[in-house]
Structures are given as structure tokens and as C-alpha cells.
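Hi,

Here is the structure I promised to pass on. Please have a look, and you will find my notes just below.

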Amino acid sequence: MRRIFDIICIILFLSGSAYGQLLIQEYNSRLEKPIPQYKIEINLDIENRIYSGKERIVFKYPLSKDKDVILRLFANSGGGSERNLDIKSIMLDGKTAEFFFVDDTTVSIRGDFVSKKSYTIEIEFSATLPEITQESTDIFLSTLKQLLGQGSSSVTENNYGIFGCSANICNIASVVPALAKVNNDDWSTSRMTGMGDYQRGDFADYEIDVVHDDSVLVVSNGVIKKRESLKEGKVRSRFFADSVNDIILEASCNFNYVRREINGVLYISYYVNDRDKRLAELSIDVASEAIGFFSRYYAKYPYSEFKIVSAPMTGGAGGVEFPALITIGDFLYDEIDGDEQRTGEFISYDLLSQMFEFVIVHEVAHQWFSTLIPSDSRTEPYLDEGLASFSAYLYFINKYGEVEAKKFLDNQIRLNYIMMRLLGYKDMPINTPIENYENMFQYAGIIYGKAPLFFVKLYELIGKERFRFIVSQWVKERAFKDTRLISLINTLKANEPAKASSIESLYKRWFEGRYGDEDIGKGSLKDLLKFLNNGKDLDIDFNLDRLKKFLEDTFDMFREYR
Ligand SMILES: [Zn+2]
């Protein structure tokens, strides 16, 4: 069923940040230039959930050997039967180019390419944004069914809703065909499996013109350069996203926003329902506090702006990170600001608030681990995800003290492992390739549970002052360079030679072994309910109907986050 956008829309205009760069000056010399330049023009029609456009990519051929140029179209990674994003034509240096789809997310362009020579590719494309329905989120019913012993273990492929439109908001991640990331002197063609993030590209500059109805507000992770009125109720919004490894557009007729400048960073938080204004303000409080903390702890936040968008998410995501912009699942806003009755019989308001805070801080931490320190999210998802959740733990210690932070660790991180075990999935070494996970519950248990807990153990082994000193040096040194976990492990060993063998055995135990039950605990339904009840024991009988109601009420607690 097609949903129609509200006919009466409020026209909103950003009161425009002065046109500037997204990347702050301190980092200007850290990126190896030149980087690819994208110029994109899009006609966006959100009422019909379609867009078309063209782009020009100017880049230096990055490989030492002559191979085809590879483009990635991650908008097609949802596993649907038809392509969301398709290519009409490709020109290479002004001539029609031969190209073919290797798979839905990978396109190969034929040509004779010379290393380090400059090329211009012009692409015409069109896209259809799938509808994000409420039902899309219902894979969590399968969690419930499995807990009650009636489950099947099948989990549908999904793209977390990052490319599609709900009744209110369009998420348009991976907007255009983009150059594949270069890994080890070759294009990265890693397959998408429906779990985990797609592999972000290499850093590039993007200028994006979006023509859209004047009733629509379009938001991007880039800075807004100008917004001009055209004929027939159309508006052209121009964004500039420099030095980013991904771009995103968010569009809605119903966006409201609040904005504040804090310590030189412009924060804008977008929301839809009037009642969510308080949470939008709160999201800026939390994000600015986290950005301040990580800037002091690791290295300065690299961009001049930071945006938070309440957006529809599916498939278990609580939020998704992009450079300088994060989306937070709108269900969280509904849950916290909605009908008090919805919060259920046992679930405490404190715990929901903690989750809201955690999701924001986790996504903020990705600005360091996946943007500032880029890593391969397909082969080493434990690096950026593990460090993002571990960093959230550091934030909670800093803000609330050790005792409260431990509760947070139980509720938001250890729970992922416990859930996995309660559902009957085996412990896995952290070093497991994505395609070897049985499904997303196992993936979540290891990547969002076990991996951050490994970093907690590492932190405790090194000691907090030394850990902070060594890791912050490492972050500053690795800024904008592709990084693997082994580089952190080796840095810690080199700086703490007396602990090198303990570091090595800790790494082996967690990355190659299956000692999760010993190290983390296996958990029980009683433990789970205790987590959900903010650490207090629950005296309930396990009447299935009552349990089912309880789990339904606390449904969203089983979502993981990205
Ligand atoms: Zn994440």
C-alpha cells in the first residue's frame, strides 16, 4: 500500500550556516590529496518515492595495474528482487563507456586505465525508494517466538531501512553509484550479506544539488550552501560534503529542528512530532557531551557540523552513523515520549532513557571509529562496532561513575551476548567472518556484545591512564588512514612490553576461542528480566501469557544498534 505524504506540509528553510567546509582546518593536511570529486544533480520526488539524476566523478586512477573501474551501489543491498538504484548510461572522458553489473551492488566499467592519470566518469541514474512499513520491523517477533520456543531461525535480509521511505521520512543512504573503496591495490568488491554495514568508500568531496518540492526539507551530512526557489513550487538545495567517506540525504515534509552551536560545532537535531522537541534538545545535549568527551579522550572531532535525524529504522537498528550525521530510530522517540502505558509493566523509564543516550553516544563514537579511523566493516566489524560501544562505556564512566557504568555495560552490551545464548546460538570467536554467522542475533551477540567486552578487558589489563595515553596517540597517528585491529594490538604491545604476552593471550582467547560463557556468562531468563528491570530482581512467575505480554511491552529492548 502506497502511503501518501501529508498534503499540508510546513515549508521550512534552514537559516543557513555560512558556506564553509565540513572538515575543520586542523585536519586539512591529514588527508592525502587529491581525493575524488563528485558533482551530483538529483531530482527528488518523495511523494512517488523516486529520483533521477546525473553525477560527474573526477578522480585519479588509484591502482598500479590496469583493471576495470568498479562502482558500488549499496542502495541495492536490501536483497529485493528489483534494483533500487539503476544506471542508465556511463560516459568515460566524454565517450560512451561499456559497463556491466557484476552483481546488484557492483558495476564494472571497461577502459584502459593508467595509474595516477586523471579520469572523468559521467553517470545517469534513476532510483526507486522502497516503502518502509511498520511490519518491516517485526523480525523481532521472531526473537519473542524463539524465546517462547516456537521460533524459526530465519531472519530476512534487510538494509536496516537506510534506503527507503516511511510515511513521514525518506532515508537515502548511498545516494549515487560511487567508486569502490581501494584495498590492497585493488577495488573492494566485498559481498553484502544482509548483516552488518556496507563498506564505506574512500574519502572524497561531494557537491550535491537536489531539486525537490518546496514543501520538503532535505537534509544531508554536508553543509548547506544555498537553497534557491525555482519555478512551479520547486526548490534547489545545494550541499557540500568535503572529506567524507559516505553521503546521506534525509527528506521529509514534516521535519522540525532545533539547533545550537557548542564549542565551535553546529548541532542540528531533526524530528517530526511536536512532542519530540524535548528529545531533540536532549539529543543535542548528549551528542555535544559525547563529542566533547571523545575529542578530549581520543582526538578532536573532525567536522564543523553534527546532525541528528529521527528516522525510520528496520531490522534491529537503533541508529546508523554517517560522517557528521547520525540517524536515531524514530521508535525510540515514540517509546520515550509516547503513551506512558506503552512503556510496559516492568520496563523502567530510566532504562529506556539510558538506551536513547547509549544509541546516540554509540553513533557519535563512530565519528572516531569508522570515520576518523576508517576500517573494513565487512572483514573487521568488531573494530568499529566494538570500539564504538566500548567508547560509550568510557563516556558512561566519565558521566555517571564506575558503578552506573557497570549497569550500563550489563544492560546495553552484555545483554547482546546473553540474548544470543538464551536464543540457543553458539558462542563464536570474535574473528568470525560475517558470512559464517547463523543470523543477526548471533552477529549481534558477538559484534555488539563480545567485541566491546574484549576492549573492556584490554582497558582493564593496560590500566586506564596508560590505555588512554597509548590509544589517543594511536588515534591521532591513524587519522584518515585505513586501519586494522592488529595495528592497535601491536601498538599496545610495543608500548607495554611487560604486558605483551598477556595482551596476546587475551586477544587469542577472545578472537580465536569460545570462552564467552566463562568470561561473560551464559545468562538465564531471570537474568534477562533483571537487566530489563534496571538491575532489580523480578518476582514473577513464568506464565507464558504474562511473559509474552512483558516481552511485547519491552520489545524494543531486543533491538541492537549499529
Ligand atoms: Zn555501530
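In this predicted model, strands β20 (residues 265–271) and β21 (residues 305–311) run parallel and are paired over 5 bridges. Across that pairing, Ile268 of β20 stands opposite Lys307 in β21. In general, the strands of a sheet are held in pairs by backbone hydrogen bonds, either parallel or antiparallel.

Both strands belong to an open sheet of 5 strands, ordered β19-β20-β21-β23-β22, and the pairing in it is mixed. At the edges are β19 (256–262) and β22 (319–322), each of which pairs on one side only. On average, neighbouring strands of this sheet are turned by 15° against each other, direction ignored.

Two helices go with the sheet. Helix α2 (residues 277–297) lies across β19, β20, β21 and β23 (325–329), at about 145° to β20. The buried residues of α2 are Leu279, Ala280, Ser283, Ile284, Val286, Ala287, Ala290, Ile291 and Phe294. At 1.5 Å a residue, its 21 residues should span 30 Å, and the end C-alpha atoms are indeed 30 Å apart, so the two agree. Helix α3 (residues 330–337) also packs on the sheet, touching β20, β21 and β23, and its direction makes about 50° with that of β23.

Further along, there is a helix pair to look at. The axes of α5 (residues 381–400) and α6 (residues 402–422) come within 7 Å and cross at roughly 150°, so these helices are roughly antiparallel to each other. The crossing is right-handed. Among the residues that meet there are Tyr393 and Phe396 in α5, and Phe408 and Leu409 in α6.

Best wishes

Methods: Residues are numbered from 1 along each chain as its sequence is written. This is a predicted model: local features need pLDDT of at least 70, side-chain atom pairs count only at pLDDT 80 or more; totals for chains, interfaces and linings use all residues. Two strands pair if DSSP finds at least two bridges between them. Helices (H or I, at least four residues) and strands (E, at least two) are DSSP runs, numbered from the N terminus. Axes are lines fitted to C-alpha atoms, for helices over the stretch in contact, and angles run from 0 to 180 degrees between N-to-C directions. Two residues are in contact if their C-beta atoms, placed from the backbone, lie within 7 Å. The expected span of a helix is 1.5 Å times one less than its number of residues. A residue is buried if 20 or more other C-beta atoms lie within 10 Å of its own, exposed if 12 or fewer, and partly exposed in between; C-beta atoms are placed from the backbone. Angles under 35 degrees count as roughly parallel, over 145 as roughly antiparallel, 65 to 115 as roughly perpendicular and the rest as oblique. A crossing is left-handed if the near helix is turned anticlockwise from the far one by less than a right angle, and right-handed if clockwise.
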